[in-house]
Amino acid sequence: MENNLELKIHDIKKILIDKLDIIDETIFIDQDLYWNILDTELYDVYKDPKELTIGSIVEDYEFISAVIEGNRDIIDYDLYKLSSILKFLGKSMLIAKAQN
């Protein structure tokens, strides 16, 4: 597989904004902990991960809440934390649609 992809941040922002605008204002977190693959192993799909860690949606949200509340400037690591939250939201929405 060729690995030459140019991500257009404007397009990603549009999808996020459009989708988040149509879902409820509040999402209930019914599951907190998730498996996390170490960054050094995440994109090496030809080897099984040697070590898994545990992440927390609640802790991820608390981490980025400091930015939301204006207590610190946004940093690159906030995108990493936000990605876990977005993955949870996407999973929750798919499950909700399947159950309806």
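Here is a friendly chat about a predicted model of one protein chain.

Biologist: In which helix is confidence highest?

Modeller: Let's start with the whole chain, which averages a pLDDT of 88, with 97% of the residues scoring at least 70. Among the helices, the lowest mean is 86, in α4 (residues 76–99). The highest mean, 96, belongs to residues 57–68, which form helix α3.

Biologist: Which helix gives the largest share of the largest nonpolar core?

Modeller: That core has five residues: I57, I64, I85, F88 and L89. Helices α3 and α4 each supply at least two of them. Three residues, the largest share, come from α4.

Biologist: Looking beyond its neighbours within four places in sequence, which residues is I64 in contact with?

Modeller: I64 is one of the core residues we just met. With those sequence neighbours set aside, its contacts are R72, D78, K81, L82 and I85.

Biologist: Is L16 buried, partly exposed or exposed?

Modeller: L16 lies in helix α1, and its relative accessibility is 33%. Buried would need a value under 20%, and exposed a value over 50%. L16 falls in between, so it counts as partly exposed.

Biologist: About how much area does the nonpolar surface patch with L16 and I12 have?

Modeller: I12 is in helix α1, residues 9–22, and it is partly exposed, at 37% relative accessible area. Together with L5, L7, I9, L16 and L20, I12 makes a nonpolar patch on the surface. The area of this patch is about 580 Å².

Biologist: What distance separates the C-alpha atoms of L16 and L86?

Modeller: Along the chain, L16 and L86 are 70 residues apart. In the model, their C-alpha atoms are separated by 9.3 Å.

Methods
Residues numbered from 1 in each chain as written. Predicted model: local features only at pLDDT ≥ 70, side-chain atom pairs only at ≥ 80, totals over all residues. Heavy atoms only, no water. pLDDT = per-residue confidence, 0-100. Helix = DSSP H or I, 4+ residues; strand = E, 2+ residues; numbered from the N terminus. Core = buried A, V, L, I, M, F, W, Y, C linked by side-chain atoms within 4.5 Å. Buried < 20%, exposed > 50% of the residue type's maximum accessible area, 1.4 Å probe, protein only. Contact = heavy atoms within 4.5 Å. Patch = residues over 30% accessible without salt bridge, like charges linked within 9 Å, V, L, I, M, F, W, Y side chains within 5 Å. Areas by Shrake-Rupley, 256 points an atom, 1.4 Å probe, with all protein chains shown as cover. Salt bridge = Lys/Arg side-chain N within 4 Å of Asp/Glu carboxyl O.
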